[in-house]
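Got the viewer open? Keep the selection box handy, and we'll go from stop to stop.

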Amino acid sequence: MNTGPVVAVTGATDFLGLHLVRALVHDGARVRVLTRRDPAHELWHDLALEVVRGRLEDTAALEQLVSGADAVGHAAGLIKHRARGAFLRPKPAGPQAMAA
C-alpha cells in the first residue's frame, strides 16, 4: 500500500479515469475511487485501491470519498445520452456536489 497523499477520483472506471488511477498509484498516491459497479479492470489488477460505492448524486458516498483526501480528481462525465440537447447541456451537478 502506498503511503503518499490520498487522492479521491470520480469517473475512475471510464477511459480517462482508468489511466489516471493507474498513474496516480504508480506515482505513490493512495487512491480512493467512487464507482457504481465492481471496478475490476485489467489495468488495475495489481493496484491496491479503496473503493467507495455510489454515484455523484449520493451525498453520503461523496462525503466518504473525499473525507481525509489530499486531492480530488473529478474525471466523471457524460459520454452518451438519448437526447442531443441533454448531452450538450452543461452538467453543474457533479462539480457542485464535489465542491460542497
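Start by selecting residues 6-10, strand β1, and show side chains. Val 6, Ala 8 and Thr 10 point one way, while Val 7 and Val 9 point the other way. In a regular strand, side chains alternate between the two faces of the sheet. Which of these side chains are buried? All of them: both sets are covered, so the count for β1 is five buried residues out of five. Keep in mind that this is a predicted model. β1 is a good place to begin, since among the elements of the protein chain it has the highest mean pLDDT, 95.

**Neighbours of β1**

Add residues 30-35, strand β2, to the selection. β1 and β2 pair in the parallel sense, over four bridges. To walk along this pairing, pick Val 6 and look across to its bridge partner in β2, Arg 30. Then pick Val 9, whose bridge partner in β2 is Val 33. How does the chain get from β1 to β2? It crosses through helix α1, residues 15-26, and this β-α-β crossover is right-handed.

Now bring in residues 71-74, strand β4. β4 also pairs with β1 in the parallel sense, again over four bridges. Click Ala 8 and you should find Val 72 of β4 standing opposite.

**Along β2 to Thr 35**

Go back to β2, where five of the six residues are buried. β2 pairs with β3 too, in the parallel sense and over four bridges. Next, select Thr 35, which is found in β2. Its bridge partner in β3 is Arg 53. Buried or exposed, this Thr 35? At 2% relative accessibility, Thr 35 counts as buried, because the cut-off for buried is under 20%.

Turn on the atoms around Thr 35. Its side chain reaches the backbone oxygen of Arg 37 at 2.7 Å. Leaving out residues up to four places away in sequence, Thr 35 touches Thr 13, Val 51, Val 52, Arg 53 and Gly 54.

**The salt bridges**

How many salt bridges does a search of the whole structure find? Three. Side chains of opposite charge can pair when their charged atoms come close.

- Select Asp 46 and Arg 22: their side chains meet in a salt bridge, at 3.0 Å from N to O. Asp 46 sits in the loop between β2 and β3 (50-53) and Arg 22 in helix α1, so this pair ties together parts that are 24 residues apart in sequence. Asp 46 is partly exposed, at 46% relative accessibility, and Arg 22 is also partly exposed, with a relative accessible area of 22%.
- Select Glu 50 and Arg 32: here the side chains meet in a salt bridge at 3.2 Å, N to O. Glu 50 is in strand β3 and Arg 32 in strand β2, so the pair ties together parts that are 18 residues apart in sequence. Glu 50 is partly exposed, with a relative accessible area of 37%, whereas Arg 32 counts as buried at 8% relative accessibility.
- Select Glu 57 and Arg 55: their closest N and O atoms are 3.3 Å apart in this salt bridge. Glu 57 is exposed, with a relative accessible area of 61%, while Arg 55 is partly exposed at 47% relative accessibility.

**A loop stop at Gly 68**

Jump to Gly 68, in the loop between α2 (59-66) and β4. At 60% relative accessibility, Gly 68 counts as exposed, because the cut-off for exposed is over 50%. Add Pro 5 and put a distance label between the two C-alpha atoms: the separation is 9.7 Å, though Gly 68 and Pro 5 are 63 residues apart along the chain.

**Last stop: colour by confidence**

Finally, colour the chain by pLDDT. The mean for the protein chain is 82, and 77% of its residues reach 70 or more. Which element of the protein chain has the lowest mean? Select residues 93-99: helix α4 has the lowest mean pLDDT among the elements, 59. Where pLDDT is low, the predicted coordinates should not be read in detail.

How values were computed:
Residues numbered from 1 in each chain as written. Predicted model: local features only at pLDDT ≥ 70, side-chain atom pairs only at ≥ 80, totals over all residues. Heavy atoms only, no water. Buried < 20%, exposed > 50% of the residue type's maximum accessible area, 1.4 Å probe, protein only. Helix = DSSP H or I, 4+ residues; strand = E, 2+ residues; numbered from the N terminus. Pairing = 2+ DSSP bridges. Right-handed = clockwise from strand over helix to strand, strands pointing away. Salt bridge = Lys/Arg side-chain N within 4 Å of Asp/Glu carboxyl O. pLDDT = per-residue confidence, 0-100. Polar contact = N/O pair within 3.5 Å; in protein donor to acceptor, adjacent residues only side chain to side chain. Contact = heavy atoms within 4.5 Å.
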